[in-house]
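This briefing sets out selected features of a single protein model for use alongside its sequence and coordinates. The points are grouped by topic.

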Amino acid sequence: MLFSFLAKTTLYAQDVASLKEELKSAKADSVKCRLLYSLGNAYERTHTDSSFIFFTQSLDIANRTNNKRYIARTMYKMGYMNMYYIKDETKALEWFNRSISVAKLINDYYSMTRCYQIMGIISLHQGIGSPTELLFKAIEFAKKDSDWRSLNDGYAILSNYFNTVHKYDEARKFAELAMQVSEKHDIDEWFDDALEYCEFLLMQGKKEQIMVYARKLEAAKPKLKKTKGEFVYLNNIGRLAKFQKRYDEAEKFFLESLNNERKSSKVDTFHLYFIFKNLESLYVEQNSYKKAYETGKKLTEVLLWLKEKRQTQNSRLEMTKLKANFDLEKKEVEIQLLETKQKQQRVLLIVIAVTALVLISLMIFLQRNRRKIQEQKDALSDLNTTKDKLFAILSHDLRSPVASLKNYMMLINWGALTQNEFAESTSRLNTQLSNVGNILDNVLNWSISQMEGIKPKPEKINVSEIIEEKISMLQFVQEAKQISISNHVSPITEVTFDKNHFRIIIRNLLQNALKFTNTGGNISFDLTKEADSVSLSITDDGVGIAQENLATIFKLGKNNTTLGTSNESGTGLGLALVKELVELNSGKISVKSELGKGTTFMIRCLIN
């Protein structure tokens, strides 16, 4: 349903020309303000820079004449442009708040509705505040406004929000309300809403109801006016064909839409998102998993292609400006040649020097941008690797222990275990559940750190006390493997560190040592003091780490994890999290190891 919110009806060229002609002859500020606002809307999709200029000029006139209605609406449009074209949610929020403060003075329900709708979306994106509170406030104002589209979009956005948080009954209810509004006013809008409603029915497995709506949509298809543009039309009839299981026809429409978008001078990333989403859904339904996988990957490639295309266009623009400046300087030099030869030589030297400087600067600029693009590619590659690693953790390392727990519970329910077998099973379950708990804790803490949510709160903490706490917590693993743990850290030693972070670090390193130490082995904690810091070492005499794996041991996504000495599984996430937490607290971590002789992890912490 976000089609209805993001897709804009493009004005015809004659309409734009008419607005410009009317603006030339306009004398009243109120008329100029309205026409500039309309031109800003007209150029929104095709000429973003021009759109910003027209909205800014409209806002200037509105401020000068104290036209609060256009002040509020133009501020909303500036926020909208920053949100969906500049991709700056912070700047967008500033404009929306300013728009609302003016709109409240004159009960401009339209501006308040639109601002609260997008503020709800931003709240969902950033995980701050209550999206539902903002979205329901938008519905409240939309009901007071005479614009039916505001109410329709409000219901559509709420439906998408509840779908995002997996509240499908609520999502379906608001989708039905959106259809009820659009059915009375616009066949194209209703067609879009009805297709989205079918998506919710599909999630709930109500295939018979989908076919009922598919027949209604097929009957309505000849009546479509394409008021929402070619992109929405092609994707919607493609989605209908998919529901009707006319897969070849659906693929044809989606690919035609994609081809049109690639030919466009202004590629719309939102359009690409919906096209690839529809294609991926189609291929999955056809069981064409290879195509579905390739389609999912293409979105990242297109985004990189878009950055490179913009870079090329910017480079051409810079070269055009440079040529214009050079030609102007050349004209001035020719005029000066008529006066004196000496002045000509001086000007030529200046021109050569300036040209060389500009070319050198341009080369440096292009080189930096190429490096930046490569860094972005590498970052995207790392993100994709991280995503695959997390999926592996969730699908394998968590599923296996839970499946074991399920099997044990079945055996207990059937009474198939003897008392000794039950006791042994309980011990194994305790170990497996502890491992699952540690994995979940690490996934949670690592995810928070990636969202910049882990902020250290340094304080004076007792090192030995926390080590003893974690030894006690993992005592059942220690006893099961008959491992000796020695804590040589003085009970009065203190460091400046976030207490919760230090607990996570010690727990992970101790659990790692227990995992890779053989039955009857030894683990020790030692500490050495320096001038303003201490070095804490955790040493085991376990299996050790291969030298080729040491360089990547703290990097998530590298396949260097192995089974423990009792076949304990691992994810590699714990050590990545440990390194991140140590560095967040101004510390350093290193590792020394040799196969068959054991491993030592060393943490350097500040005392003050």
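Cys605 is buried in this predicted model, because its relative accessibility of 3% falls under the 20% limit. Cys198 is likewise buried, with a relative accessible area of 1%. The points below take up the cysteines, a mixed sheet with its packed helix, a leucine in a helix, and the aromatic side chains.

**Cysteines**
- The number of disulfides in the model is zero, as judged by sulfur atoms having to lie within 2.5 Å of one another.
- Cys198 counts as buried because a relative accessible area of 1% is under 20%.

**The sheet**
- Five strands make up an open sheet, arranged in the order E2-E4-E5-E7-E6 with mixed pairing.
- Its edges are formed by strand E2 (484-487) and strand E6 (588-594), each of which pairs on one side only.
- From one strand to the next, the twist averages 15°.
- Helix H24, spanning residues 573-584, packs on this sheet and touches both E6 and strand E7 (598-606).
- The direction of H24 makes about 140° with that of E6.
- Backbone hydrogen bonds are the means by which strands of a sheet pair, in either a parallel or an antiparallel sense.
- The antiparallel sense applies to strand E4 (residues 522-529) and strand E5 (residues 533-540), which pair over seven bridges.
- Within this pairing, Asp526 stands opposite Ser537 in E5.

**Leu19**
- Helix H2 (residues 13-25) contains Leu19.
- Leu19 is buried, because its 13% relative accessibility lies under the 20% limit.
- Leu19 is separated from Leu36 by 17 residues in sequence and by 8.5 Å in space, taken from C-alpha to C-alpha.

**Aromatic rings**
- The model contains 14 aromatic pairs.
- One of these pairs, Phe497 with Phe502, is edge-to-face, with 5.3 Å from centre to centre and 70° between the planes.
- Phe497 and Phe502 are both buried.
- The distance of the centres and the angle of the planes together describe a pair of aromatic rings.
- A single aromatic cluster is formed by Phe136, Tyr155, Tyr161, Phe162 and Phe174.

**Lysines over rings**
- Lys226 places its charged end over the ring of Tyr233, at 4.5 Å from the ring centre.
- The charged end of Lys252 sits over the ring of Phe253, 4.8 Å from the centre of that ring.

Notes:
Residues are numbered from 1 along each chain as its sequence is written. This is a predicted model: local features need pLDDT of at least 70, side-chain atom pairs count only at pLDDT 80 or more; totals for chains, interfaces and linings use all residues. Side-chain values use heavy atoms; hydrogens and water are left out. Two strands pair if DSSP finds at least two bridges between them. Helices (H or I, at least four residues) and strands (E, at least two) are DSSP runs, numbered from the N terminus. Axes are lines fitted to C-alpha atoms, for helices over the stretch in contact, and angles run from 0 to 180 degrees between N-to-C directions. Contact means heavy atoms within 4.5 Å. Buried means under 20% relative accessible area, exposed over 50%, partly exposed in between (1.4 Å probe, protein chains only). Rings of Phe, Tyr and Trp (its six-membered ring) pair if their centres lie within 6.5 Å; planes under 30 degrees apart count as stacked, over 60 as edge-to-face and the rest as tilted. A charge sits over a ring if NZ of Lys or CZ of Arg is within 6 Å of the ring centre and within 35 degrees of the ring normal.
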